[in-house]
Amino acid sequence: MNLREPDLRSIILPAFPTLLPGLDVLERGNGEIQIGLDPAHAVVIAGVAAEVAEALRGLDGNRASDDIVLAQNEHDEQLRDLMTDLTARGLVTDAGQSERHPRPETGLWSLRARHHQAAMTARRKRTAVAIHGDGRLAVAIAVLLANSGVGHIDVRASGTVREGDLGSGYTEAEIGMPRREAMAQVVHRAGADTATTRLYSDRRPELVLLTDAVVPAPEVVDELVRDGVNHLPVRVRDGVGIVGPLVVPGRSSCLRCADLHRAGRDDSWPRVASQLAGRVQQPDLGAVQACAALAAAQALRLLSPSDQAPPSWNATLEIDFFDGTIRHRDWPPHTGCGCGAR
Ligand SMILES: [Zn+2]
């Protein structure tokens, strides 16, 4: 549903209404209230009774809509209308009756993506991703995606946890454990409901994240292209986090396209790349976290249907946490590749 033009007649109040996390009801004086700060979604409402403002501020998902409205003696109609309007705008959503902890953090994403939060939460729960990587990036991204409510995360890590892997999710107690097993534990700590079992060909992931190696293992990439599985490389190269290009096989430029562009500029690139293939980097934790956050957001963009392509489409995002910059670098399809992207 498009949130920009709400048809209030069709809106059903949430059973257990709650303001989206992070939103406050602010007083502006003279009976005006403001909800939200960003001009893209914030609203200012005039003529609001003090009791109604108080009731809106108290929307925390713990009381039923009918009880909240019935508790108003005089202004019940105004409160019901305002709750309906805010629901239509996506600022109020349904907390549901579940007492599950932790609740997934879909947060304000629904406002930016222009989707209703409940539908977005349900969609993420049905989504499966796989994360390949033996370093701290894989763990950091897995934590973020589990926390955001992705229902299934297949963790493809090998080897055992070492001291140098700590800092982005593993605990000291996990040193010496197989990384795959330890990463599944980390995912369960972040999102209690997230499945971590292996995905096979009958349930392919919506996205595979190829993390930690500057150059992903070619055999893994070849298989993903052959099977038509979306994939996103994520790595830190000499302190700069690089996310993308997001490969939707046959549609967006692929990693071979990027290699052909690089080889066109540097004859020796194929030889250098072959030495880097699959090799795990050991970047600073700050670079790991900055890069992981950017990567998780690109993954969630792909997993939220939209008419706008994610910024990592035919491009890389390069985050330099020392300089405080994010550079967008274009990687268009290469005419010599034959992957079908154009
Ligand atoms: Zn290509």
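**Strand β8 and its neighbours**

In this predicted model, β8 and strand β9 (residues 231-237) run parallel and are joined by four bridges. One pair along this seam is easy to pick out: T211 stands opposite V234 in β9. To get from one strand to the other, the chain leaves β8, passes through helix α8 (residues 218-227) and arrives at β9, and this β-α-β crossover is right-handed.

β8 also has a partner in strand β6 (residues 128-132), and here too the pairing is parallel, with four bridges. Within this pair, A130 sits opposite V208 in β8. So how much of β8 is left open to the outside, and how much is enclosed? Five of the five residues in the strand, which covers residues 207-211, are buried, so β8 is largely enclosed by the rest of the structure. In a regular strand, side chains alternate between the two faces of the sheet. For β8, both of those faces turn out to be covered. On one side L207, L209 and T211 are buried, and on the other V208 and L210 are buried as well.

Moving on from β9, the pairing changes sense. β9 runs antiparallel to strand β10 (residues 240-243), and four bridges hold the pair together. V236 faces G241 in β10 across this pairing. The two strands make a hairpin with two residues between them, and D238, in the turn, has a positive phi of about 50°. β10 then pairs with strand β11 (residues 315-320), again antiparallel, this time over three bridges. Here I242 is found opposite E318 in β11.

Elsewhere in the chain there is an open sheet of three strands, in the order β2-β3-β4 and with antiparallel pairing. Which strands stand at its edges? These are β2 (25-29) and β4 (43-45), each with a single partner strand, so one side of each has no neighbour in the sheet. From one strand to the next, the twist averages 25°. Looking at one half of this sheet, β2 and strand β3 (residues 32-35) pair over four bridges in the antiparallel sense, and G29 has E32 in β3 as its bridge partner.

A loop residue gives another view of the fold. T196 lies in the loop between α7 (179-190) and β8. Is T196 buried or partly exposed? With 19 other C-beta atoms within 10 Å, T196 counts as partly exposed, because a residue needs 20 or more to be buried. Leaving aside residues up to four places away in sequence, T196 touches I153, D154 and V155, along with A184, V187 and H188. As for a residue further along the chain, A296 is 100 residues from T196, and their C-alpha atoms are separated by 17 Å.

Stepping back to the whole protein chain, there are 11 helices and 12 strands. The C-alpha atoms fill a box of roughly 75 × 45 × 45 Å along the principal axes. Of the 342 residues, 40% count as buried. Among contacts with a separation of 6 or more, 69% are between residues 24 or more positions apart.

Conventions
Residues are numbered from 1 along each chain as its sequence is written. This is a predicted model: local features need pLDDT of at least 70, side-chain atom pairs count only at pLDDT 80 or more; totals for chains, interfaces and linings use all residues. A residue is buried if 20 or more other C-beta atoms lie within 10 Å of its own, exposed if 12 or fewer, and partly exposed in between; C-beta atoms are placed from the backbone. Two strands pair if DSSP finds at least two bridges between them. A crossover is right-handed if, with the strands pointing away from the viewer, the path from the first strand over the helix to the second runs clockwise. Two residues are in contact if their C-beta atoms, placed from the backbone, lie within 7 Å. Axes are lines fitted to C-alpha atoms, for helices over the stretch in contact, and angles run from 0 to 180 degrees between N-to-C directions.
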